[in-house]
Amino acid sequence: MKFCCPRCRREQEIIGDTKPKCLICDVSMVQATNSYKGLWMSPRFVISRMKLLIEKYGYQDATTNGRFKKEREAWTSGMYALGLSEMQNREWWVEIETVEQTPDTRLHYMDQSSGRNCIQTQSIEIVDWEEHVDDPTKVIKQKCQRAYPPHFCLLMLARNGKNLDVELLTQEVLRHKVPFGEIWITGCLAEGLMTMARIVPNAFRFDFETARSLEKLKEQGDIMQKLKRGTSTEAQELGFVYLPLP
Ligand SMILES: [Zn+2]
């Protein structure tokens, strides 16, 4: 079984000991969690996880290999969640869907405006706008041919650095039937500068600096888990969770 020291982050494969201690730090090591199921991860966590994946496997493999689809979708959702957090001044979390085919991810925040905790969730379907495709409406139209619940949001990652006329794109897309409640396109404008453009229901654009937005969220923990206590909904911050890289 794989374990990790929560202090020095040393990883070790340990057999025959279910409660090992770190030989260097003398603290209990944490056993690996092998599924994303039910975990709410902060934008910071999923964004830095992609960075670690690139360090481990190289840019090409990490950003194209089908093995890492979930991590890439988490990154795309994390960037979008980071932008939403910046725009709305609240803490959004990313959950990867591990059982159903759709949505790819869910974003959550805790709404306390009514005086009690109420979880707000956005279901996200992710699609990549690949470099070799000139017209993003082709990608969107293709996704729009399938049926989705009306609260679903389509999030498109622009991987090609092309300029967008958001107004024009909105007009073009809305000429056809759209099964999504919202459609967003996100992409990198320059090193450390992200943009997110909403195409549906109406045109809107928001740019943000990744480092600055992450800095504002530095108090947000890494991982939360939803608790089911009768009818009340709460989410609890987990301590150190050891999620080994794939
Ligand atoms: Zn240690």
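Two strands count as paired when DSSP finds at least two bridges between them. On that basis, this predicted model contains an open sheet of 3 strands in the order β2-β1-β3, paired in the antiparallel sense. The model also has a largest nonpolar core of 43 residues and an oblique contact between helices α1 and α3. A further set of antiparallel pairings links β5 to β6 and β6 to β7.

**The three-stranded open sheet**

- The strand order is β2-β1-β3, and the pairing is antiparallel.
- Strands β2 (11-13) and β3 (30-31) are at the edges with a single partner strand each, so one side of each has no neighbour in the sheet.
- Strand β1 (residues 2-4) runs antiparallel to β3 and is joined to it by 2 bridges.
- Within this pairing, F3 has Q31 of β3 as its bridge partner.

**The nonpolar core**

- The largest nonpolar core comprises 43 residues, and M41, W93, L155, M156, I183 and W184 have the most contacts inside it.
- Helix α3 (residues 69-88) gives the most to this core, contributing 7 residues.
- M41 touches V46, A74, W93, V94, D222 and I223, when its neighbours within four places in sequence are left aside.
- As general background, nonpolar side chains in soluble globular proteins tend to be buried together.

**Packing of helices α1 and α3**

- Helix α1 (residues 43-57) and α3 have axes that come within 8 Å of each other and cross at roughly 140°.
- This angle makes α1 oblique to α3, because only angles over 145 degrees count as roughly antiparallel.
- On the α1 side, the contact is made by P43, V46, I47, R49, M50 and L53.
- On the α3 side, the contributing residues are E71, R72, A74, W75, G78, M79, A81, L82 and S85.
- The crossing of these two helices is left-handed.
- V46 of α1 and A74 of α3 take part in this contact, and both are also in contact with M41.

**Strands β5, β6 and β7**

- Strand β5 (residues 93-96) is joined to strand β6 (residues 105-111) by 4 bridges, and the two run antiparallel.
- I96 stands opposite T105 of β6.
- Strand β7 (residues 118-129) pairs with β6 over 7 bridges, again in the antiparallel sense.
- In that pairing, M110 has I119 of β7 as its bridge partner.
- β6 and β7 form a hairpin with 6 residues between them.
- In the turn of this hairpin, G115 has a positive phi of about 95°.

How values were computed:
Residues numbered from 1 in each chain as written. Predicted model: local features only at pLDDT ≥ 70, side-chain atom pairs only at ≥ 80, totals over all residues. Core = buried A, V, L, I, M, F, W, Y, C linked by C-beta atoms within 7 Å. Buried ≥ 20, exposed ≤ 12 C-beta atoms within 10 Å, placed from the backbone. Contact = placed C-beta atoms within 7 Å. Axes fitted to C-alpha atoms, helices over the stretch in contact; angles between N-to-C directions. Parallel < 35°, antiparallel > 145°, perpendicular 65-115°, else oblique. Left-handed = near helix turned anticlockwise from the far one by under 90°.
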